[in-house]
Amino acid sequence: MSHTDKKTPTHIAIIMDGNGRWAQQQGHERTFGHQNGVEAVRSVIEGAGEMGIRYLTLYAFSTENWNRPKEEVEMLMTLLVHSIHNELERLMANHVRLMMTGRINDLPDACRNALEDAIHQTAGNDGLTVILALSYSGRTELTDAVRKIASDCAKGLRNADDIMADDIQHALYHPNIPDPDILIRTGGECRVSNFLLWEIAYTELFFSPIMWPDFRKTHLAEIINAYQNRERRYGKIGEQVREH
Ligand code: IPE
Ligand code: IPE
Ligand code: MG
């Protein structure tokens, strides 16, 4: 194998940021940016499928986003329901399996119902798995994991001294989904904003200045290409990961 990893990434995670600024730069309301972000989601899902990616996790709404103005939150929840209805047929045609990560019970009933219905309908699809992160934060996920483990300890089902990293992994929302190979954040900010904190331990990070509504599958392809020229060492030295 060459010193670079030409493999297709298995899992890509995206912080879809920059909707509000994109709209405001054009003299529109922030919500106009969210509406236009749907087109970017469509393009990226299509591109990821074409490029043979197995998992695509999209950060759509963080636990902290509940603190935004009420009208913006309500608009985002409505947009979610509409988008699920509008896109379901296309998802089915493209063999996409939809999943969610986050506290689904925080969502308004209409969102939860639309989401559960789409998850159910697409459950048998064998193409790309799209995981929508909704009312998600990395710290919340870890807090929920700690609660599960602590409750097992209290019941005497496990011993605190025996807890290993794998046990924490197993208590996460989706323990069997491989960690992301690539994390992309659009919109120019260079921060993680409470996304997959446990899962990105060895993920390759990419920060794009492009605002989310302008992001397309061609940008995704460029990032995958750059990823394939990086060397992932996982704490070892270059010679060790190159020897095969
Ligand atoms: C990301 O875009 C979408 C959500 C967080 C729901 P923003 O709404 O954060 O857009 P900016 O960062 O303010 O431009
Ligand atoms: C992160 O973006 C969350 C999502 C894209 C859903 P934010 O816009 O909420 O993050 P901060 O506030 O800039 O850190
Ligand atoms: Mg933002």
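**Two ligand sites in a predicted model**

Helix α1 makes the greatest contribution to the shell around ligand 1, giving three residues. The structure described here is a predicted model. By class, the shell around ligand 1 consists of three nonpolar, five polar and four charged residues. Its members are M16, D17, G18, N19, G20, R21, R30, H34, A60, N65, R68 and L76.

Polar contacts to oxygen atoms of ligand 1 come from backbone and side-chain atoms alike. In the backbone, an N or O atom of R21 lies 2.7 Å from an oxygen atom of ligand 1, and an N or O atom of G18 is found 3.4 Å from an oxygen atom of this ligand. From the side chains, R30 places a polar atom 2.8 Å from an oxygen atom of ligand 1. Taken on its own, ligand 1 has 380 Å² of accessible area, of which the protein covers 88%. Two or more residues of the shell around ligand 1 are given by each of the elements α1 (19-25) and α2 (30-50). The space that ligand 1 takes up is the largest pocket.

The second site holds ligand 2, and the space taken by this ligand is likewise the largest pocket. Ligand 2 is surrounded by I15, M16, D17, Y59, A60, F61, N65, R68, R185, R191 and S193. Of these residues, M16, D17, A60, N65 and R68 also belong to the surroundings of ligand 1. Sorted by class, the shell around ligand 2 contains five nonpolar, two polar and four charged residues. Strand β2 (residues 55-62) supplies the largest share of this shell, namely three residues.

Three arginine side chains make polar contacts with oxygen atoms of ligand 2. For R191, a polar side-chain atom lies 2.8 Å from an oxygen atom of the ligand. An N or O atom in the side chain of R68 is 3.2 Å from an oxygen atom of ligand 2, and for the side chain of R185 the corresponding distance is 3.3 Å. The protein covers 77% of the 390 Å² of accessible area that ligand 2 has on its own.

As for the overall fold, the protein contains eight helices and six strands. Read from the N terminus, these elements follow the order β-α-α-β-α-β-α-β-α-α-β-β-α-α. The C-alpha trace spans about 50 × 50 × 35 Å along its principal axes. The radius of gyration of the protein is 19 Å, which agrees with the value near 18 Å expected for a compact globule, because the protein has 244 residues.

Key
Residues numbered from 1 in each chain as written. Chains lettered and ligands numbered in written order. Predicted model: local features only at pLDDT ≥ 70, side-chain atom pairs only at ≥ 80, totals over all residues. Heavy atoms only, no water. Near = heavy atom within 4 Å. Polar contact = N/O pair within 3.5 Å; in protein donor to acceptor, adjacent residues only side chain to side chain. Areas by Shrake-Rupley, 256 points an atom, 1.4 Å probe, with all protein chains shown as cover. 1 Å grid on protein atoms, 1.4 Å probe; cavity = no way out; pocket = protein on both sides within 12 Å on 5 of 7 lines; lining within 4 Å. Sits in = over half its atoms within 2 Å of the grid points. Helix = DSSP H or I, 4+ residues; strand = E, 2+ residues; numbered from the N terminus. Nonpolar A, V, L, I, M, F, W, Y, C, P; charged D, E, K, R; others polar. Rg over C-alpha atoms; globule rule 2.2 N^0.38 Å.
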